Each structure stands twice: as structure tokens, then as C-alpha cells.
Amino acid sequence: MTAEQFKAAFRRYPTGVAVISAIGPSGPVGLTASSVASVSVDPPALSFSAMGTRSAHALLEAESFVVNLLGPESAEVARHFASSGGPRFTEEQGWTFLPTGEPALRHALASLRATPLHRLPVGDSTVVVASVHEVFLGPVGGRLVYHDRQFIAAEATPA
């Protein structure tokens, strides 16, 4: 098996999209993640992985962060946070700051404020398991998925 085969396998697997945000030493930081998963309901916990970028390093050192689960209107925000150099944390993107200081996306389907329980280095990534302390529910409807290197937005369909 090669790295290309491994990547090709996961390109075929659609996932949800989140932007994980925190306050770093130089201000707000964030990254797009497609690896967010629910780990436990009692106590509430989630996991995600972050690769070794500058934003990831700052986020991994943060005492707390917000996992913003994205809906269809957030595709452009996901793109900006998936690469370097794009606009971040602008008013037009819909960012606000929680009373605890972390940035949260107002129109996220849900924003979960969490603190790390475990950080496990694996290859060029770090897997984070985090305790969830607050959930802020946003608008209902639609989905944003990452599939084959594309962000695909879809509105909710009636049942």
C-alpha cells in the first residue's frame, strides 16, 4: 500500500466539515477539519485530528477551542480555513467571540466549546479527544460535505 492509495481511498469517502477555532498567542487561529467525530455522550466528548501546520500548532496549545460544524452557507469559510493566505475571522464570515474568548461562527449548524482531554501524536498528525462544555445550536438544515477534494453544499430536502 502506498500513501497515494491511502489518500485515494479516503477521497471516495464523504465527510462532514468543521472549522476548529481558538485564541492563540497572536490572536484567533483556525483550521478546516473533516475528521470530527462524536466519542461519548456521557460525558460529552469529541475527537478530531490536526496536521502539523502553524494554525494546528497554535490550536493544539490552546486551553479551549470551538468546533464549528458547518452547513451549506459556510463552504467559502471552509475553503479559506483549509488553505493559507485567505481571509479569516472577518465580520462578513459571521464570526463572533464567546464570553470565554473563543471565536465562534454565528451561522454554524452547531458550535461546541471544548477543552482537550488527550493529544496523541500519530505520524504527521495529532489526534485530539476533547471534553465538550457548551453547545450552541445554529440554523437547522442543509449540509456541507467534503468529498474528492471538494466542498459540496446541499440544502435540506423535505422528508
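Which residues line the largest cavity? They are Phe48, Leu59, Leu60, Phe65, Pro116, Arg119 and Val128. Welcome to this structure, which is a predicted model. Several of its topics meet around a few names: Phe48 and Phe65 belong to the lining of that cavity, and they are also among the residues of the largest nonpolar core that touch the most other members. The points below go from the core to the cavity, then to the pockets, one exposed serine and the aromatic pairs.

**The nonpolar cores**

- The largest nonpolar core has 22 residues, and the ones that touch the most other members are Ile20, Leu46, Phe48 and Phe65.
- Two or more residues of this core come from each of these elements: the strands S2 (18-24), S3 (27-33), S5 (44-51), S6 (65-69), S9 (110-122) and S10 (125-137), together with helix H2 (54-61).
- The most generous contributor is H2, which gives four residues to this core.
- A second core lies apart from that one; it has 13 residues, including Ala75, Phe89, Leu144 and Phe151.

**Phe65 and its neighbours**

- Leaving aside residues up to four places away in sequence, Phe65 touches Ile20, Ser21, Ala22, Phe48, Glu102, Leu112, Arg113, Ala114, Thr115, Pro116, Val128 and Ala130.
- Among these contacts, Phe48, Pro116 and Val128 also appear with Phe65 in the lining of the largest cavity.

**Helix H2**

- Residues Ser55, Ala56, Ala58, Leu59 and Leu60 of H2 are buried.
- The cover over the buried residues of H2 includes S2, S3, S5, S9 and S10.

**The cavity**

- Searching the whole structure turns up one cavity of 30 Å³ or more.
- The volume of the largest cavity is about 30 Å³.
- H2 and S9 each bring at least two residues to its lining.
- Sorted by class, that lining holds six nonpolar residues, no polar ones and one charged residue.

**The largest pocket**

- The largest pocket has a volume of about 1500 Å³.
- It is lined by 39 residues, of which Thr32, Ala33, Ser34, Ser49 and Met51 are the closest to its centre.
- At least two lining residues come from each of helix H1 (3-11), S3, S5, H2, helix H3 (75-82) and strand S11 (143-147).
- S3 has the largest share of this lining, with seven residues.
- The classes in this lining are 17 nonpolar, 15 polar and seven charged residues.

**The second largest pocket**

- The second largest pocket holds about 240 Å³ of space.
- Its lining has 15 residues, and those closest to its centre are Val36, Ala37, Ser38, Leu69 and Leu112.
- S4, S5 and S10 each supply at least two residues of this lining.
- By class, eleven of the lining residues are nonpolar and four are polar, with no charged residues.

**A look at Ser38**

- Ser38 sits in strand S4 (residues 37-41).
- Is Ser38 buried or exposed? Its relative accessible area is 63%, so Ser38 counts as exposed, the cut-off for exposed being over 50%.
- Not counting residues up to four places away in sequence, Ser38 touches Ala45 and Leu46.
- Ser38 and Ala130 are 92 residues apart along the chain, and their C-alpha atoms are separated by 9.8 Å.

**Aromatic pairs**

- The structure has seven aromatic pairs.
- One of them joins Phe81 and Phe89, whose ring centres are 5.1 Å apart; their planes stand at 90°, so the pair is edge-to-face.
- Phe81 and Phe89 are both buried.
- Phe89 also pairs with Trp95 in a tilted arrangement, with 4.7 Å from centre to centre and 50° between the planes.
- Why does Phe89 count as buried? Its relative accessibility is 18%, and buried means under 20%.
- Trp95 is buried as well, with a relative accessible area of 3%.
- Phe6, Phe10 and Tyr13 form one aromatic cluster.

Notes. Residues numbered from 1 in each chain as written. Predicted model: local features only at pLDDT ≥ 70, side-chain atom pairs only at ≥ 80, totals over all residues. Heavy atoms only, no water. Core = buried A, V, L, I, M, F, W, Y, C linked by side-chain atoms within 4.5 Å. Buried < 20%, exposed > 50% of the residue type's maximum accessible area, 1.4 Å probe, protein only. Contact = heavy atoms within 4.5 Å. 1 Å grid on protein atoms, 1.4 Å probe; cavity = no way out; pocket = protein on both sides within 12 Å on 5 of 7 lines; lining within 4 Å. Points joined across faces, edges and corners; volume = space filled by probe spheres on them. Nonpolar A, V, L, I, M, F, W, Y, C, P; charged D, E, K, R; others polar. Phe/Tyr/Trp six-rings, centres within 6.5 Å; stacked < 30°, edge-to-face > 60°.
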